[in-house]
Amino acid sequence: MKKCLRFSHDVKTELKPWTHLDFGGGDDCDDFNFAVVGDRAGRPAKGVFEEALKKINLMNPDFVMSVGDFIPGGCMEDMSEAFFRSQWDFFENILKDCEPPFFRVPGNHDIVGEDIPEFPEVDKLTERLWKEQFGVTYYSFVFKDVLFLCLNSMEGWHNISKEQLEWALDTLHQNSGVRWTMIFLHDPKTWISENFAVLEKELYFRNYTVFAGDIHQYTRYRRQGRNYYMLGLTGAESQRAGIPAKGVSFGEFQQLAWVSFKNGEPRVSILELEGIHYDDVVTIPKLTWLTPRYFRGDKPITSKEADILEAKGLKIHREIGKYDF
Ligand SMILES: [Fe+2]
């Protein structure tokens with residue numbers, strides 16, 4: 001595993017809220033890129049989150065951030081521990097395909113933020129399941145002099161607790177010299193909570209950006225003259241059950257955020273998942289009479305020739321040999 005010497009964190013539990021720490025990029029460069037995924041749940045659309053991970057692997061960010069709602073969570077028919085566990089097993093199995101480190105942040109489908117009268121203790125159950133797998137529900141890390149605050153907005157309904165607020169303020173004080181502060185939490189309603197207002201006051205004289213999710217509709221807001229992003233869908237269906245997403249102009253589309261730190265500042269792009277194509281989007285078999293003749297002159301390689309070249313340590317795209325000219 002390649003070790004990043006410019007990464008530090010405050011997680012003291014043996015279990016960690018990230019998948020691994022095999023970062024892309026190198027220590028020698030200040031600039032870096034990371035992807036942010038939006039909600040996969042309430043209702044995950046089959047295979048879409050999996051597709052997002054494949055495209056993330058293709059683009060190879062240094063790491064991946066998230067804003068929660070990974071599993072569908074309980075439904076009124078079943079709030080059993082076994083049901084939650086089976087959903088986590090399913091999701092974590094998908095996540096194994098994510099090549100860059102993936103940093104988890106809890107959503108309301110992952111940790112139920114309040115007691116539901118019909119299902120007493122479901123809030124405690126879901127929090128326990130999170131901690132049993134990932135150690136902590138909120139944490140911070142510093143990557144290349146940028147502070148990442150990963151908050152748990154499920155302490156009470158769309159809120160952060162007094163204790164979490166104290167930790168966040170203390171983390172800001174201890175990292176007063178960072179270039180930028182990136183804040184990730186699930187529920188944007190937290191932005192108007194009393195405790196978050198205290199945090200915002202502390203952030204006022206720092207460079208910072210906020211990412212949330214939950215509503216399944218991408219929107220960029222500005223608060224205190226800073227960018228606050230509410231990410232939309234990365235795998236989930238639209239907010240209205242059974243009604244197709246309305247598209248880009250309504251913020252309802254399958255997406256990824258791509259954040260590039262350049263000269264110490266984040267540049268944020270929102271990528272439409274369907275607009276990220278593999279390089280086989282057009283290949284020789286798809287050529288038409290309009291394709292210039294010189295492309296048709298490409299010479300297929302036989303498998304015997306490929307064997308010889310591979311034996312010399314060269315990388316060969318064998319599939320070209322299958323094309324029928
Ligand atoms: Fe949510």
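Guide: Two strands count as paired if DSSP finds at least two bridges between them. The model discussed here is predicted, and this definition can be set against its strands β6 and β7 directly. Strand β6 (residues 180–184) is joined to β7 by four bridges, and the two run parallel. One bridge partner pair is isoleucine 183 in β6 with valine 210 in β7.

Visitor: What makes strand β7 largely enclosed by the rest of the structure?

Guide: A residue is buried if 20 or more other C-beta atoms lie within 10 Å of its own. Four of the five residues of β7 (residues 208–212) are buried, and therefore the strand is described as largely enclosed.

Visitor: How do you know that helix α7 lies largely in the open?

Guide: The number of buried residues among the nine of helix α7 (residues 303–311) is zero, so α7 is said to lie largely in the open. Just after α7, glycine 313 takes a positive phi of about 90°.

Visitor: What share of the residues in the protein is buried?

Guide: Buried residues make up 35% of the 325 residues. The protein has seven helices and 11 strands, and its C-alpha trace spans about 70 × 50 × 40 Å along the principal axes.

Visitor: Which strands are the edge strands of the open sheet of seven, and what makes them so?

Guide: The order of that sheet is β1-β4-β5-β6-β7-β9-β8, with mixed pairing. Strands β1 (7–9) and β8 (219–223) each pair on one side only, and they are the edge strands. Neighbouring strands of this sheet are turned by 20° against each other on average, direction ignored.

Visitor: How do you know that β1 and β4 pair?

Guide: The definition asks for at least two bridges. Strands β1 and β4 (residues 139–143) have three bridges, in the antiparallel sense, and therefore they count as a pair. In this pairing, phenylalanine 7 stands opposite phenylalanine 143 in β4.

Visitor: Which strands form the open sheet of four, and in what order?

Guide: The order is β3-β2-β10-β11, again with mixed pairing. Its edge strands are β3 (63–66) and β11, each of which pairs on one side only. Here neighbouring strands are turned by 25° against each other on average, direction ignored. Strands β2 and β3 run parallel and are joined by four bridges; valine 37 has serine 66 in β3 as its bridge partner.

Visitor: Why are α4 and α5 called roughly parallel?

Guide: Angles under 35 degrees count as roughly parallel. Helix α4 (residues 162–174) and helix α5 (residues 194–203) pack at about 5°, with their axes 10 Å apart. The two helices are therefore roughly parallel to each other. In their contact, Lys162, Leu165, Ala168, Leu169 and Leu172 of α4 meet Asn195, Val198, Leu199 and Glu202 of α5. By class, these are six nonpolar, one polar and two charged residues.

Visitor: Why is α2 called oblique to α3?

Guide: The axes of helix α2 (residues 81–95) and helix α3 (residues 122–134) come within 11 Å and cross at roughly 40°. Angles from 65 to 115 degrees count as roughly perpendicular and those under 35 as roughly parallel. The crossing angle fits neither range, so α2 is oblique to α3. The crossing is right-handed.

Visitor: Which residues in α2 and α3 meet?

Guide: Glu81, Phe84, Arg85 and Trp88 in α2 meet Leu125, Thr126, Leu129 and Gln133 in α3. They divide into four nonpolar, two polar and two charged residues.

Visitor: What makes the backbone at aspartate 214 notable?

Guide: Most residues other than glycine have a negative phi. Aspartate 214 has a positive phi of about 80° although it is not a glycine. Asparagine 263 likewise has a positive phi, of about 50°, and is not a glycine.

Visitor: How do you know whether aspartate 214 is buried or exposed?

Guide: Aspartate 214, in the loop between β7 and β8, has 26 other C-beta atoms within 10 Å; the cut-off for burial is 20 or more, so aspartate 214 is buried.

Visitor: Is asparagine 263 buried or exposed?

Guide: Asparagine 263 lies in the loop between β10 (255–262) and β11 (265–272). The count of other C-beta atoms within 10 Å is 8, and 12 or fewer means exposed, so asparagine 263 is exposed.

Visitor: Which residues does a cis peptide bond join?

Guide: Alanine 41 and glycine 42 are joined by a cis peptide bond, with omega of about 5°. Glycine 42 is found in the loop between β2 (32–37) and α1 (48–59).

Conventions:
Residues are numbered from 1 along each chain as its sequence is written. This is a predicted model: local features need pLDDT of at least 70, side-chain atom pairs count only at pLDDT 80 or more; totals for chains, interfaces and linings use all residues. Axes are lines fitted to C-alpha atoms, for helices over the stretch in contact, and angles run from 0 to 180 degrees between N-to-C directions. Angles under 35 degrees count as roughly parallel, over 145 as roughly antiparallel, 65 to 115 as roughly perpendicular and the rest as oblique. A crossing is left-handed if the near helix is turned anticlockwise from the far one by less than a right angle, and right-handed if clockwise. Two residues are in contact if their C-beta atoms, placed from the backbone, lie within 7 Å. Ala, Val, Leu, Ile, Met, Phe, Trp, Tyr, Cys and Pro count as nonpolar, Asp, Glu, Lys and Arg as charged, and the others, Gly among them, as polar.
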